[in-house]
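Reader: I should be grateful for a close look at one part of this model: its pockets and cavities, together with the elements around them. Please set the account out as one connected description.

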Amino acid sequence: MKRLACLMAAFMVMMLAACSGNSETASNNGNNGDFKPQKPIEVIAPAGPGGGWDTTARTVAKVLQEEKIIDQRMAVVNKPGGGGAVGWAYVHGKKGDNHTLFVTSPPILFVPLNGQSDLGHNDFTPIAGVIADYAAFIVSADSPFDNMNDLVEALKKDPKSVSIVGDSAPGSMDHLQFVKAVKAAGVDVKQLKYVSAQDGNGMSMLLGGKVDVYSTGLAEATEQARAGKVKVLAITAPERLEGETVSEFPTLKEQGIDDEFIVWRGFMGPPNMDPAAVKYYETAIKQMMETDTWKEQRDNFGWTDNFMSSEEFKEHLDKEYAIMKELMEEIGLAK
């Protein structure tokens, strides 16, 4: 009996040690001990370098690695084309892959609605919402347009007299954010001359004098405005933003145009991801957003924190889809 008691005691000690080890592992993995990346993580930006998706993907990957929140290398890969559809098709082909993520925003809703992709937000795994960004409408520094009302007046006289470029396809974000704004100002939006630069050359076309107006994101506008190369006619924020340079950009509303447009951005993964992997990345992103390194980068780009859990992000996407479907049907762009 004495020997049996000793064996039982030894067994209990081993079990406690094992539990302690498992607890420590779980703690080190953000309470997701059943998943931790085992190889480099591929982060897809479904557009060319320099745009909003690319900027967000590279900034988030950089901070996650610098802060050692994720200890695997995060390689950002650009897959432009189809307003995001090329990148989405690539990710969709990696079903169940827990080491692939992609940055997303409103085009995941627009592009399927306008018939350019069979894949939409319900075909992927929501990870987390990250930021709220805003659109900006910019012209070259020597443009005759000094404010949004100058541009609206020209468009009302002849909607085809002004060329507008965006880095997304017709019926996608850069197009629709501009359409929504000038429609609110009374412009006949069905006659607008929109040029799609899906290779990411919208800024180059503007600076080269090939187009009159560039509909883009705040970060892209800020960099060139700071260099004195462009004028920002308006941004789609509900009120003026704080921060160097961005505080100088007028809103649509302060120019008498009752409109705003929030460019949310977040991350999704392939279909059928392991729920433990989803929780791991969601937790990592939330932790990243609490760091000073992130806050510095966020403020530099004029972004606003807009964290959403995987579940909250899914609910947000469903609601936004319904709103955008109604808008696109109204202006004749839904298919």
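**Pockets, cavities and their surroundings**

Author: In this predicted model, the second largest pocket encloses a volume of about 230 Å³. Its lining comprises 14 residues, and those closest to the centre are Phe261, Ile262, Glu320, Ile323 and Met324. Three elements each contribute at least two lining residues to this pocket: strand S9 (262-269), strand S10 (304-308) and helix H11 (310-330). The most generous of them is H11, which gives six residues to the lining of the second largest pocket. By class, eight residues of this lining are nonpolar, two are polar and four are charged.

The largest pocket holds about 280 Å³ of space. It is lined by 18 residues, and Gly50, Thr55, Ala219, Glu220 and Glu223 lie nearest its centre. The elements giving two or more residues to this lining are helix H7 (202-207), helix H8 (218-226) and helix H10 (292-301). H8 gives the most to the lining of the largest pocket, namely six residues. The lining of the largest pocket is made up of five nonpolar, nine polar and four charged residues.

From the pockets one may turn to the enclosed spaces. The structure contains two cavities of 30 Å³ or more. The largest cavity has a volume of about 300 Å³, and 26 residues line it, with Ala47, Gly52, Trp53, Asp167 and Asp174 nearest its centre. At least two lining residues of the largest cavity come from each of H2, strand S4 (125-140), helix H6 (173-184), strand S7 (213-217) and S9. S9 is thus a link between two of the spaces: it supplies at least two residues to the lining of the second largest pocket, and at least two to the lining of the largest cavity. The largest share of the largest cavity's lining, three residues, is provided by H6. The classes represented around the largest cavity are nine nonpolar, 13 polar and four charged.

The second largest cavity holds about 30 Å³ of space. Its lining is formed by Val43, Ala57, Val60, Ala61, Leu64, Met74, Leu101, Phe267 and Ile285. H2 gives the most to this lining, with four residues. As to class, the lining of the second largest cavity has nine nonpolar residues, no polar ones and no charged ones.

Three of the residues around the second largest cavity, Val60, Leu64 and Ile285, recur where two helices pack. Helix H2 (residues 52-66) and helix H9 (residues 275-288) have axes 10 Å apart and meet at an angle of about 85 degrees. Angles of 65 to 115 degrees count as roughly perpendicular, and H2 and H9 are therefore roughly perpendicular to each other. At their contact, Val60, Val63 and Leu64 of H2 meet Ala284, Ile285 and Met288 of H9. The residues of this contact comprise six nonpolar, no polar and no charged.

A residue that touches members of both cavity linings is Thr104. Thr104 belongs to strand S3 (residues 100-104). Thr104 counts as buried because its relative accessibility is 0%. Leaving aside residues up to four places away in sequence, Thr104 touches Trp53, Trp264, Arg265, Gly266, Phe267, Met268 and Phe313. Of these partners, Trp53 is among the residues nearest the centre of the largest cavity, while Phe267 lines the second largest cavity.

Two loops complete the picture of the elements named above. Most residues other than glycine have a negative phi. Lys68, by contrast, has a phi near 55 degrees, a positive value in a residue other than glycine. Lys68 is found in the loop between H2 and strand S2 (74-78). With a relative accessible area of 70%, Lys68 is exposed. Asn272 likewise has a positive phi, near 65 degrees, in a residue other than glycine. Asn272 lies in the loop between S9 and H9, and its 61% relative accessibility makes it count as exposed. Thr104 is thus buried, whereas Lys68 is exposed, as is Asn272.

Notes:
Residues are numbered from 1 along each chain as its sequence is written. This is a predicted model: local features need pLDDT of at least 70, side-chain atom pairs count only at pLDDT 80 or more; totals for chains, interfaces and linings use all residues. Side-chain values use heavy atoms; hydrogens and water are left out. On a 1 Å grid over the protein atoms alone, a cavity is a set of points where a 1.4 Å probe fits but cannot get out, and a pocket is an open set with protein on both sides within 12 Å along at least five of seven lines; lining residues have an atom within 4 Å of a point. Grid points are joined across faces, edges and corners, and a volume is the space filled by probe spheres set on the points. Ala, Val, Leu, Ile, Met, Phe, Trp, Tyr, Cys and Pro count as nonpolar, Asp, Glu, Lys and Arg as charged, and the others, Gly among them, as polar. Axes are lines fitted to C-alpha atoms, for helices over the stretch in contact, and angles run from 0 to 180 degrees between N-to-C directions. Angles under 35 degrees count as roughly parallel, over 145 as roughly antiparallel, 65 to 115 as roughly perpendicular and the rest as oblique. Contact means heavy atoms within 4.5 Å. Buried means under 20% relative accessible area, exposed over 50%, partly exposed in between (1.4 Å probe, protein chains only).
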